[in-house]
Amino acid sequence: MPFNEDDTHEFRHCKETKGLSSSVIARPACAFLNAGKGGTVYLGVKKTGVVSGVEISRKSRDRLRCGVDELLNEFRPAVRYDKYQVSFVPVAEEESAQNRRRNIEIIPDVFVIEVSFNKCSGTVHTTSKNKCYFRCGNANSEYSIQDVRKWVIREQETFYNDQINILKRELSASKQKLETDGFSLIILDANECDDGESNCHGYAICTNTIGSYTCKCRPGYLGNGRECAYDDPCKDVLCSSYARCLVRDGSPICQCHPGYYGDGQICRDYNECEAERDSCDKNARCVNVAGGYKCFCLPGFLGDGFSCESDGSCGGRKCHRNAECAEIDSVKQCQCKKGFLGSGLVCVDVNECSNTTRVECPPFSRCFNTLGAYECRCDADYEWNGVECKLVCLRCLNGGQCLKSGCLCREGYSGERCQWGPNNLIDIYRFTVGDEFLVFTQGSTMQRLSLPPTQSSIGVLLQTTRGLLVALDFDHMNKMIYFTDVARRTIWRVAFNGTGAEEIISEGLSSPEGIAVDYVGGNLYWTDSMFDRVEVSKLDGSDRKVLFSTRLINPRSIVVHPERGYV
């Protein structure tokens, strides 16, 4: 640069706009304006005067102009747009060519940013942070508001006193000249208070006098009239820490802050929640805090406390699978369904059959508990006809007619219950070579097929009502067949000839399916696909135990190896 920093020039070094802050421009701008001579801030110039430039794009240049406008508009008083200019001077780079001629090339998007301020006088500016600067040589000196005010008053007094002395001398000279010429001079007093020529403080009362005026601070203010400071009536008043001092009709009083009540000397917190003076949502909880209150949405609701919406749960809780969400007194609660008892979060099945007053089963039937309900099942040898449990004849099979003692079999069938068809009349208690047969279940029946099979070698061993027989296994030692009935949720056994059917397990079953007989150890094994477990008992149903109840999903078939003891 062809000049150094002085009272009208200041250099600021920065390579890019990221290094700029408001104080970089605010401080010298305030100093140049208050000094009255004007000046320029050069951004992109080192203190030594070497030009470095600022890398800035077109968009950033526009943004910088707006930033300077906003900065100077925040000055007090604001700086008018015609009092300053922002310009961008391109930076060129000089290169030496081989023919010793110099080449000058402009560097793209690199500028020296010049913020210039016009000459002005009579106005003192402060920055947005209430700081005041004056340019002194090549430095920006900070002055307090009180210092500036004293300086202005002193300058004004000097200026007006000089003007008054000049006027007095001119009037005295004019008076002498007029008296010499035979005229008399009448001097009229000027009212400096009405003409706005006094230098009284804004909070002072101006009183005109002959040839001058006096200044006196207003009530509530202290000073000499040219400087008046507020005389705070509350300065010696001690209020509660939760109150503030106010001046009413010239007298100080203590007033509690909002959210507190009392005489100002003692202030207590006002509990808006207990007084129900809060604005919380009906699905929110009010919490009193010092000087106010807060609202928090209840579990199961979302919002700011003043407005709460459901989050889709039942009051913030996940109901049990055997419960449902119900709204009671505008509050969502989990309730167990009919047939279950509990909190709604946990629901346990009610065994209605344990209390005979809760069930109404017809004669010749028994109550069986089910999940959430119960059902009445007719006793053995009875069946439901839609009205009652009626006795039926189950002794005779294959179309045989029941007699008082025995059965009347159709032609081609025989046996105590007509269970044997033609060519199937063997004594199953005496096995000889060739006496082979297959026993299987079908629906509510157990049937026997002699081997090799013929068209008439099949017969019904056992006929049940309302039963669904699934699996069976043999006890060769005791000549018994064990089988599961999923419809009646029971386990039975019957003799090889289909007689003497006996129910050995009827409680604690849900879906018994697979069954296996350990005729060596005298144990009975079965699976329950609904309860997901494997159980064992003696062949008569006693000493029942659960073998496996974890990590099983719908267990069905089961097989044992009695000789080796494997399941």
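# Exercises on domains, hairpins and charged pairs

The centres of domain 2 and domain 3, taken over C-alpha atoms, are separated by 25 Å, and the contact between them takes 8 residues from domain 2 and 6 residues from domain 3. The exercises below refer to a predicted model.

**Exercise 1.** Describe the interface of domain 2 and domain 3, beginning with the bounds of the domains and ending with the residues on the side of domain 2.

*Solution.* Begin with the division of the protein chain, which gives domain 1 as 194-231, domain 2 as 352-389 and domain 3 as 436-564. The size of an interface is often given as the accessible area lost when the parts come together. For domain 2 and domain 3 this buried area is about 560 Å², with 37% of it on carbon and sulfur atoms.

Next, turn to the charged pairs, for which the count between domain 2 and domain 3 is 1 salt bridge. Arg366 and Glu503 form a salt bridge in which the closest N and O atoms are 3.7 Å apart, a distance that meets the salt-bridge cut-off of 4 Å. Polar contacts across this interface come to 1 residue pair, with both residues at pLDDT 80 or more.

Finally, consider the side of domain 2 that touches domain 3, to which strand E24 (365-370), strand E25 (373-378) and strand E26 (382-384) each give two or more residues. By class, that side of domain 2 has 3 nonpolar, 2 polar and 3 charged residues.

**Exercise 2.** Set out the pairing and the turn in the hairpin of E12 and E13, and then do likewise for E39 and E40.

*Solution.* Take E12 and E13 to start with: strand E12 (residues 243-248) pairs with strand E13 (residues 251-256) in the antiparallel sense, over 6 bridges. Within this pairing, Val247 has Pro252 in E13 as its bridge partner. The hairpin has 2 residues between the strands, and Asp249 takes a positive phi near 55° there.

Now pass to strand E39 (residues 533-538) and strand E40 (residues 545-548), which pair in the antiparallel sense over 3 bridges. Here the bridge partner of Val536 is Lys545 in E40. This hairpin has 6 residues between its strands, and Gly541 in the turn has a positive phi of about 95°.

**Exercise 3.** Work out the surroundings of Arg488, and describe the backbone of Arg489 in that loop.

*Solution.* Locate the residue before listing its contacts: Arg488 lies in the loop between strand E34 (480-485) and strand E35 (490-495). Its side chain makes a polar contact with the side chain of Asp485, at 2.5 Å. If the neighbours within four places in sequence are left aside, Arg488 is in contact with Arg377, Thr464, Thr465, Arg466 and Gly467. Arg489 also lies in the loop between E34 and E35, and its phi is near 55°, a positive value in a residue other than glycine.

**Exercise 4.** Which parts of the chain are linked by the salt bridge of Glu10 and Arg135, and where does Pro77 lie?

*Solution.* A search of the whole structure finds 14 salt bridges, and one of them joins the side chains of Glu10 and Arg135, at 2.4 Å from N to O. This pair links distant parts of the chain, with Glu10 in strand E1 (residues 9-12) and Arg135 in strand E6 (residues 132-136), 125 residues apart. As for Pro77, its place is in the loop between helix H2 (58-73) and strand E4 (84-96), and the peptide bond from Arg76 to Pro77 is cis, with omega near -5°.

Definitions and conventions: Residues numbered from 1 in each chain as written. Predicted model: local features only at pLDDT ≥ 70, side-chain atom pairs only at ≥ 80, totals over all residues. Heavy atoms only, no water. Polar contact = N/O pair within 3.5 Å; in protein donor to acceptor, adjacent residues only side chain to side chain. Contact = heavy atoms within 4.5 Å. Pairing = 2+ DSSP bridges. Helix = DSSP H or I, 4+ residues; strand = E, 2+ residues; numbered from the N terminus. Domains from an automatic or database assignment. Buried area = accessible area lost by both parts, 1.4 Å probe. Nonpolar A, V, L, I, M, F, W, Y, C, P; charged D, E, K, R; others polar.
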